[in-house]
Amino acid sequence: MGSPSHHASSGRATSPHVVIVGAGPAGSSAAILLAQQGARVTLLERARFPRDKTCGDGCTPRALWMLERLGLGALPGDAGAPVDSVRAISPGGITWSALIPERLFGGRSSVVPREVLDERLVRRAVQAGATLREGVRVEGLEREHDVLRVHCRDGEPLRADVVLGCDGSPSVIRGALGAPAFSEHEGAFAVRAYYEDVRLSHPRSMGFFWEEALLPAYGWIFPLPGGRANVGLGMRADQLAASGVRLPELLERFCASPHVAAELAGARRVGRVKGHHLPFGSSARHTTFDRALLLGDAAGFVNPLTGEGIEFALESGAFAAEALAEAFATGDLSARGLGGYARRWQTRFRTAFRLNRRLMWAFERPRLLDRIFHLANRDERARDELIDVLSGEATRLSWRFLAAVAFGR
């Protein structure tokens, strides 16, 4: 693999060269913003676009806000299913639903297939000036004085001033940097399938389902354009291992459960069931290194309660671009010089990740979850707190909410 082409604009050829491994939301977000700042950016992607990515496809209000920042504000409208509410069913059959409040980035969400979302993002990165190389399998990383060399299966190593690991979980770059693997109890596995000819009872809602027979797993049905839906199920990795069951089998049982079967009546599954690993954000610690950062799933930026990762991936790209701008200005590309990255993501993500990790305990207990939904149905403040939790925006819960749940008040 040869050297990236230099742009003709003044000074561009001597700009810092940032190599980004992985062209998903984290990598493309960083590439867009870095290229706009004048850095030379090379995006390396193992697959070729358009390519599928196993995911729930849900874009939260904050994710849509980030897409607008990146110049893709029209994307959800022309390629996604609009969502303005959340609907959830507890193990005891208590249904709770609520509109997403306007205070959460305008109250808009969307479900956009990753095959579409990721391609639009990477094309935007190329438009901003990044160089995209598809079909490149990265196998390692080595340091040589003040330079990093990215080793690929085919071709010569690629020289970089900074490397961003955006290659998901498991991450080749994470391993090459010496960061520890994610522990089993701080991650989950999820599976999803696509259905067509779906006639949802609430076509503008993200649907969450906690079926008592399937706990501690939880499932979802998210609407997609054209009468399609993303149907999936997730479970913590250590609990899945202890159960001895396979997630595709649990998904079959989920789809056959009464509430879900009613939503999918007359629908047909298309394609095969696909699975992926979700590292919990509550375990995110090792993200900043000399001349290298980890972003998105490679850093562990996933909501432990809902499995949402798109918004955190997009935002981590912005944090990386801001931290690199600071480091380039001072000439300090050490871990200390890049410390603005960790400060930014910790301020924004850490409290929410830890809260949602603790809330997993409550959401795995049928009677307690029934009580939470019952409370949210009769108390406006509790409803607002619960919608913040499921939208990934909650950083604390009121004592009133906790007491009402714990004591049934």
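Contact here means heavy atoms within 4.5 Å. Helices are DSSP runs (H or I, at least four residues), numbered from the N terminus.

Housekeeping: I am working with a predicted model, where local features need pLDDT of at least 70, side-chain atom pairs count only at pLDDT 80 or more, and totals for chains, interfaces and linings use all residues. Residues are numbered from 1 along each chain as its sequence is written, and side-chain values use heavy atoms, with hydrogens and water left out.

**Entry 1: α10 and α11**
I looked up which residues of α10 meet α11, and found Phe312, Phe319 and Glu326 among them. On the α11 side, the partners include Tyr341, Arg344 and Trp345. I count the contact by class as eight nonpolar, two polar and six charged residues. The axes come within 7 Å and cross at roughly 155°, so the two helices are roughly antiparallel (over 145 degrees).

**Entry 2: α2 and α10**
Next I turned to α2 (residues 61-69), which packs against α10 (residues 310-330) at about 40°, with axes 8 Å apart. This pair is therefore oblique, the term for angles from 35 to 65 or 115 to 145 degrees. In α2, Trp65 and Met66 are among the residues that meet α10, where Leu314 and Ala318 are included.

**Entry 3: α14**
Which residues of α14 are buried (under 20% relative accessible area, 1.4 Å probe, protein chains only)? I find Phe401, Ala404 and Val405. They fall within an arc of 95° seen down the axis, so they line one face of the helix. The cover over them includes α12 and α13. Trp399 and Phe407, exposed (over 50%), sit on the face turned away from the buried side.

Conventions
Axes fitted to C-alpha atoms, helices over the stretch in contact; angles between N-to-C directions. Arc of directions from axis to C-beta. Nonpolar A, V, L, I, M, F, W, Y, C, P; charged D, E, K, R; others polar.
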